[in-house]
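Biologist: Before we discuss this model, I should like to understand how its descriptive terms are justified. Please set each value against its criterion.

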Amino acid sequence: MPSARFSGPLTSPKVDVFVDMGNAFLNRTVDGFLKIGAVGASKVAAEETYHSISRGSLSKHKLEQTLKNMCKEGAYWGTVAGVYVGMEYGMERIRGTSDWKNAMIGGAITGALISAATNKNRDKVVVDAITGGAIATAAEFLNYLT
């Protein structure tokens with residue numbers, strides 16, 4: 001029975017854009033905004049491409065709507081990422097150490113800020129802060145595994 005094997009390292013191409021704002025805090029925040037904002041915009045592009053192919057049609061109006069949604073999602077994802085990166089870096093500077101606790105605190109603050117900006121329910125803000133801290137901590141632990 002024929003078989004195939006893959007051997008060797010699997011790497012992805014690196015695309016790095018650096019915008020120098022003259023301040024390390026701003027540099028990291030803008031970098032997070034740009035990188036994750038591009039991910040959010042790409043998500044919308046992939047979803048809309050799939051929907052257009054499955055429908056079998058594409059209109060100028062639908063293309064314009066897709067571009068608006070890409071900008072909206074990209075800005076939202078980028079804002080969340082920028083706030084998180086800024087909070088994590090701020091915690092690192094305040095605490096004077098780089099560890100998982102910075103991610104947890106930064107994620108919790110980010111979750112609370114984003115939630116407070118979008119709704120007025122105090123319980124929801126607390127739950128979103130806990131969720132943000134948990135996700136950031138889990139992501140940090142996963143980074144240690146690789």
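Modeller: Let us begin with a term: contact means heavy atoms within 4.5 Å. By that criterion, and leaving aside residues up to four places away in sequence, Asp 128 touches Gly 111, Ser 115 and Asn 119. Asp 128 itself is placed in helix α4. Please note that this is a predicted model.

Biologist: Why is Asp 128 called buried?

Modeller: Buried means under 20% relative accessible area. Asp 128 has 18% relative accessibility, and therefore counts as buried. Buried residues make up 25% of the 146 residues in the protein.

Biologist: What is the secondary structure of the protein?

Modeller: The protein has 4 helices and 0 strands, and its pattern along the sequence is α-α-α-α. Among contacts between residues at least 6 apart in sequence, 56% join residues at least 24 apart.

Biologist: Why are α1 and α2 called roughly antiparallel?

Modeller: Angles over 145 degrees count as roughly antiparallel. The axes of helix α1 (residues 24-55) and helix α2 (residues 60-95) cross at roughly 150 degrees and come within 6 Å. The two helices are therefore roughly antiparallel to each other. The contact of α1 with α2 has 14 nonpolar, 11 polar and 7 charged residues, and the crossing is right-handed.

Biologist: What makes α2 and α3 oblique to each other?

Modeller: The classes of angle are under 35 degrees for roughly parallel, over 145 for roughly antiparallel and 65 to 115 for roughly perpendicular, with the rest oblique. Helices α2 and α3 pack at about 135 degrees, with their axes 8 Å apart. That angle falls in none of the named ranges, and α2 and α3 are therefore oblique. Their crossing is right-handed. On the α2 side the contact includes Tyr 76, Val 80 and Val 83, and on the α3 side it includes Ile 105, Ile 109 and Leu 113. The residues of this contact divide into 11 nonpolar, 4 polar and 4 charged.

Biologist: How many aromatic pairs does the structure hold, and what makes Phe 25 and Tyr 89 a tilted pair?

Modeller: The structure holds 2 aromatic pairs. Rings pair if their centres lie within 6.5 Å, and planes under 30 degrees apart count as stacked, over 60 as edge-to-face and the rest as tilted. Phe 25 and Tyr 89 are 6.4 Å apart centre to centre, with 35 degrees between the planes. The pair meets the distance criterion and its angle is neither under 30 nor over 60 degrees, so it is tilted. Phe 25 lies in helix α1 and Tyr 89 in helix α2, so the pair ties together parts that are 64 residues apart in sequence.

Biologist: How do you know whether Phe 25 and Tyr 89 are buried or exposed?

Modeller: Between the limits of 20% and 50%, a residue is partly exposed. Phe 25 has 33% relative accessibility and therefore counts as partly exposed. Tyr 89 has a relative accessible area of 11%, so Tyr 89 is buried.

Biologist: Why is the pair of Trp 100 and Phe 141 called tilted?

Modeller: The ring centres of Trp 100 and Phe 141 are 5.6 Å apart and the planes stand at 45 degrees, so this pair is tilted. The pair links distant parts of the chain, 41 residues apart: Trp 100 in helix α3 (residues 100-118) and Phe 141 in helix α4 (residues 122-145). Trp 100, at 31% relative accessibility, counts as partly exposed. Phe 141, at 40%, also counts as partly exposed.

Terms used
Residues are numbered from 1 along each chain as its sequence is written. This is a predicted model: local features need pLDDT of at least 70, side-chain atom pairs count only at pLDDT 80 or more; totals for chains, interfaces and linings use all residues. Side-chain values use heavy atoms; hydrogens and water are left out. Axes are lines fitted to C-alpha atoms, for helices over the stretch in contact, and angles run from 0 to 180 degrees between N-to-C directions. A crossing is left-handed if the near helix is turned anticlockwise from the far one by less than a right angle, and right-handed if clockwise. Ala, Val, Leu, Ile, Met, Phe, Trp, Tyr, Cys and Pro count as nonpolar, Asp, Glu, Lys and Arg as charged, and the others, Gly among them, as polar. Rings of Phe, Tyr and Trp (its six-membered ring) pair if their centres lie within 6.5 Å; planes under 30 degrees apart count as stacked, over 60 as edge-to-face and the rest as tilted. Buried means under 20% relative accessible area, exposed over 50%, partly exposed in between (1.4 Å probe, protein chains only).
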